[in-house]
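Reader: Pick one part of this model and take me through it closely, please. I work with structures all day, so give me the cut-offs as you go.

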Amino acid sequence: MAQTRIEKIAQKFAVDLAPGVEIHSGDYVSISPSFVMTHDNTGAVIPKFKAIGANNLANPHQVVITLDHNVQDKSEKNLEKYRKIESFAKSMDAHFFPAGRGIGHQIMCEEGFAFPDTIAVASDSHSNMYGGLGCLGTPIVRTDAAAIWATGRTWWQVPPIAKVVLTGSLFPGVSGKDVILALCGYFNHDEVLNHAVEFTGEGVAALKIEERLTIANMTTEWGALAGLFPVDSGTISWLEARLKKNSVNTASEQQITVQRLNGLLAHPINADAVAFYSRTITIDLSTISPGIAGPNTVKDFKTAAFYAEHEQPIQKAYLLSCVNGRTDDFAAAASVVKGKHIAGGVSFYISAASNQVQADCETLGYWQTLIDAGATALPPGCGPCIGLGIGLLEDGEAGISATNRNFKGRMGSPNALAFLASPFVVASSALEGKISYTWQHKVAEFVPTCVFNNVGTSAMGKNETLPGFPESISAELIFCPKDNLNTDGIYPGKYTYQDDFTPEQQASVVMENYDPEFRAIANQGDVLAGGFNFGTGSSREQAATALKYKGIPLVIAGSFNETYKRNALNNGFLLVDCPEFISWLKEQFGTDKLTIKTGLQITIDFTTSTVTADKKQFHFGTIGKAAQELIICGGLENWIKKQISQLT
C-alpha cells in the first residue's frame, strides 16, 4: 500500500514492528526518535524520571536540554532551578545549552539535531518547527520525555495526514508569516485539527528555509501535530552553510556532516505517487498579501490594507520568538525602520531566537539599525511571547507581535488586544503608532481550495491482541454528545492542584462542570461515547484519570484532543476514535441532552476493530501493540519500570 512521507519516516523510526507490517495513519507505534528536547520544564521531567527508578539515560546522545523560557528571571529561586537542571544534564552527559544561548527550537535547527528525514520530539508544542528542515517534529508531554530518557522510546499514533500544495511565489514584502496566518484565518474550522501536514508543490522552492520554519512552527496554531516540508536544494544549501558555521564553533558537536548530507541525496524519502491524504489544500502564494491576525485569535485574519482604513492604535510592538526571531526577520524590520524612529508612546521590543542570530544581525548592521530606531533589546529567549519578563501588555493596551500566539492574556493582561503579523508589518506599525503597512502590489483574489478525501484504512489488517489485553468489551453505552467538551467540564480546574485528591474523590467530581447528573447516570463498567474533539482545553491529566476511576473502561469519540489522548494512554486509559459511530449516535439520540442513557448494549471487538450497536457495525483504527502495552501495564510509568527491570 502507498505511504506518505510522514508514514515512511515513522516506519523508519518505529521499533518492535512485526515483519511485513506497514505503517499508516491511525496506527499506534513505538518510536525511537533521534532526539528529545526539553527546556525549562526539564525541572518537572527530572522527578518523573527519578520516580520510575531510572538512574541513567538510555542514550545520553538522544537528550537535548535547553534553558530558554524564563531567562529574564534573575531571582535566586529561578537561578537555583537552572543550576539544578544544568547539574543533572552534565551528570547524565546530555547535550546542554544554558540560558542565553537561545530558544530550544532554534538551537535544535542550528546544531543539526532537527535533521531532515528523521524524527525529533520536544516537550513543547512548537516542535512542529523542525518540519521546515524536513525533520518530522512533533510534541510530546513530560511523561513521554521521561520515558525517552529512560528507555530511548515512546509511543505515537500516526495522525491523519493532509497535503498542502503551494503554487506560485510571494511578492516582495510578503513573508512566510503571512502564508501561515492566511491558512489559519481562512481554514479556521478545524480542517487540519490533529493532522500532520505535508507541504508540497512547485511553490515550496520559492520559500526560504527561514520562511518554511515559520510556516511549520505555526502549523501548531493551525491545529496540526506536525508540518513537514520536502528536502530540496534549498534545504541542502542551508545545511551546508550551517556545516561551515558549526565547524568554526568548536563548542558544537557536529550533527551536520558531509556524510549525512551525502546520505540525504543518495537515499531521499518521498511520498508515493498515490499515497492517501485525508484532505488536500491548494494555495497560490502570489495571491497572498500582508495580513494581521486578531485580536486575541489566529482565526480572524484581515489584510494590512483593511487596517489602513480602520485605524487601530498600538502601544507595544514585538519582534521575537522561535517563529520570527531569525536573521531574515531582523533584516526585514531593519529595512522598514532604517533612518526613522518609532512613534511616541510605542515600545518596540526585539529579541533574537539565539545568540548566534543576534551576533549575525550585529555584524550585518540590522541590530544597531533597530536600536537606533528606538527598539529595546531583550536577551535571546522566549520572554514576553509567553508572558514572562519585561514589556508585557497592560490593561487597555494593544500590541502587534511577530510571535506565534495571541491568546487572550498570554502576553500580559487579558484586558489587552494582541495582534499577530510579519516583521515587516510589526516594524511599520511601530513607526506609525498604529497597525500600518504600505504595500504597493495588487494581487488576485485569495481563493485557496480544500478537497476532503474518503477515509483511508490501516494496512495492519486483523489485530492480534497481547496477553492481558481484552479481545472485546461488551457494555451499556452512555452518550455525552457535546463537541469540544473541554477538560474543565470533565474535571474542574479548582481541583487540579489538590495533589492529595484520592482516586475516589476524582471519581466523585467527574463531569461536575459539564453535567452534575452524569455521576448518577453512569455506572461502573459503562462505556462513554463523546462528541468530536473530546478533551480540548487544559492539559490536566485528571480529566482522563477521573473517568477511569469512575469505572468507565474506555471512551469512544468522533475525535480527541491530542494532548488528552496522550494523557489518557499514559495513564492506562483507552480511547477509541470512531467518527461514523458518533455521527450515527447523534442521528439516533440528538444533541439536546447533556448525558444520555442510551440503553444500547454495544460490543467493541479489538481483533476486528469494530463497534457493534443495534445490529450495525462501525470500524475504527487498529489498537496497535504500543497502545495495548500501555493499557496492560496501567500506564506509561509502569511500562517504563517494566522496561528498566528487563535491562537489569
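Author: Strand 8 (154-157), helix 22 (625-633) and helix 23 (636-647) each put at least two residues into the lining of the largest cavity. Helix 22 chips in the most, with 3 residues. (Helices are DSSP runs of H or I with at least four residues, strands are E runs of at least two, and both are numbered from the N terminus.) This is a predicted model, where local features need pLDDT of at least 70 and side-chain atom pairs 80 or more, while totals for chains, interfaces and linings use all residues. Numbering runs from 1 along each chain as its sequence is written, and side-chain values use heavy atoms, with hydrogens and water left out.

The full lining is Ser30, Arg153, Thr154, Trp155, Ala626, Glu629, Leu630, Leu636 and Trp639. By type, that's 5 nonpolar, 2 polar and 2 charged, with Ala, Val, Leu, Ile, Met, Phe, Trp, Tyr, Cys and Pro as nonpolar, Asp, Glu, Lys and Arg as charged, and the others, Gly among them, as polar. The volume of this cavity comes to about 70 Å³, and the structure holds 3 cavities of 30 Å³ or more. Here a cavity is a set of points on a 1 Å grid over the protein atoms alone where a 1.4 Å probe fits but can't get out, and lining residues have an atom within 4 Å of a point. Points join across faces, edges and corners, and the volume is the space filled by probe spheres set on them.

Now for helix 5, residues 142-151. Of its 10 residues, 9 are buried, meaning under 20% relative accessible area with a 1.4 Å probe, protein chains only. Those are Thr143, Asp144, Ala145, Ala146, Ala147, Ile148, Trp149, Ala150 and Thr151. Right after helix 5 comes Gly152, with a positive phi near 85 degrees.

Trp149 also turns up in the largest nonpolar core, a group of 83 residues, where Trp149, Ile556, Phe581, Ile602, Ile604 and Phe606 touch the most other members. Helix 5 gives the most to this core, with 6 residues. (A core is a set of buried Ala, Val, Leu, Ile, Met, Phe, Trp, Tyr and Cys joined through side-chain atoms within 4.5 Å.) A second core, apart from this one, has 70 residues, including Leu285 and Ala427.

Back to Phe606: leaving out residues up to four places away in sequence, Phe606 touches, among others, Phe469, Pro470, Ile473, Leu554, Leu574, Val576, Phe620 and Ile623, where contact means heavy atoms within 4.5 Å.

Definitions and conventions. Buried means under 20% relative accessible area, exposed over 50%, partly exposed in between (1.4 Å probe, protein chains only). On a 1 Å grid over the protein atoms alone, a cavity is a set of points where a 1.4 Å probe fits but cannot get out, and a pocket is an open set with protein on both sides within 12 Å along at least five of seven lines; lining residues have an atom within 4 Å of a point.
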